[in-house]
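Me: I would like to learn how to read salt bridges and burial in a protein model. Could you take me through an example?

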Amino acid sequence: MQNYQELKVWQKAHQFVLEVYQITNAFPKTETFGLISQMRRASISVAANLAEGCGKKGALDIANFFQISLGSLHETEYYLLLSKDLQYISNETFELRDLEIKEIKAMLISLIKTVRNISNTK
């Protein structure tokens with residue numbers, strides 16, 4: 001597998017993590033060990049599992065880590081919605097970040113399919 005930093009999906013996921021950190025800096029301090037921690041950990045997991053998957057040898061192992069990354073992205077998506085509903089973020093911030101999530105999700109799904117197809121042809 002290639003260097004994870006060269007993957008466009010990893011680059012977008014990493015940028016998204018940085019944005020999550022900025023957004024959650026403005027959350028109430030009462031959420032430090034709740035939503036802030038959960039949202040940061042889930043978003044980090046998206047990029048981290050992409051990186052870890054790139055370090056694996058077999059296509060099935062790689063696809064598994066990418067699938068975990070997708071699950072973490074879904075989790076992050078929910079935390080973003082919850083943040084909007086709790087009025088910790090504006091509708092505009094939600095819409096912008098939600099578009100980013102959808103883009104990352106589409107890229108991840110495509111990557112997972114590609115890796116699985118490689119595994120099926122061997």
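Reply: What follows is a short walk through some salt bridges and one buried residue. This is a predicted model, in which local features need pLDDT of at least 70, side-chain atom pairs count only at pLDDT 80 or more, and totals for chains, interfaces and linings use all residues. Residues are numbered from 1 along each chain as its sequence is written, and side-chain values use heavy atoms, with hydrogens and water left out.

Me: How many salt bridges does a search of the whole structure find?

Reply: A salt bridge is a side-chain nitrogen of Lys or Arg within 4 Å of a carboxyl oxygen of Asp or Glu. The search finds 7 of them, including one between arginine 97 and glutamate 19, at 3.1 Å from N to O. Arginine 97 lies in helix α4 (residues 91–121) and glutamate 19 in helix α1 (residues 8–24), so this pair ties together parts that are 78 residues apart in sequence; helices here are DSSP runs of H or I with at least four residues, numbered from the N terminus.

Me: Is arginine 97 buried or exposed?

Reply: Buried means under 20% relative accessible area, with a 1.4 Å probe and protein chains only. Arginine 97, at 17%, counts as buried, and glutamate 19 is buried at 13%.

Me: Which residues does threonine 76 touch?

Reply: Contact means heavy atoms within 4.5 Å. Threonine 76, found in helix α3 (residues 59–85), touches Phe16, Ala42, Ser43, Val46 and Ile101, not counting residues up to four places away in sequence. Threonine 76 is buried, with a relative accessible area of 0%.

Technical notes: Helices (H or I, at least four residues) and strands (E, at least two) are DSSP runs, numbered from the N terminus. Buried means under 20% relative accessible area, exposed over 50%, partly exposed in between (1.4 Å probe, protein chains only).
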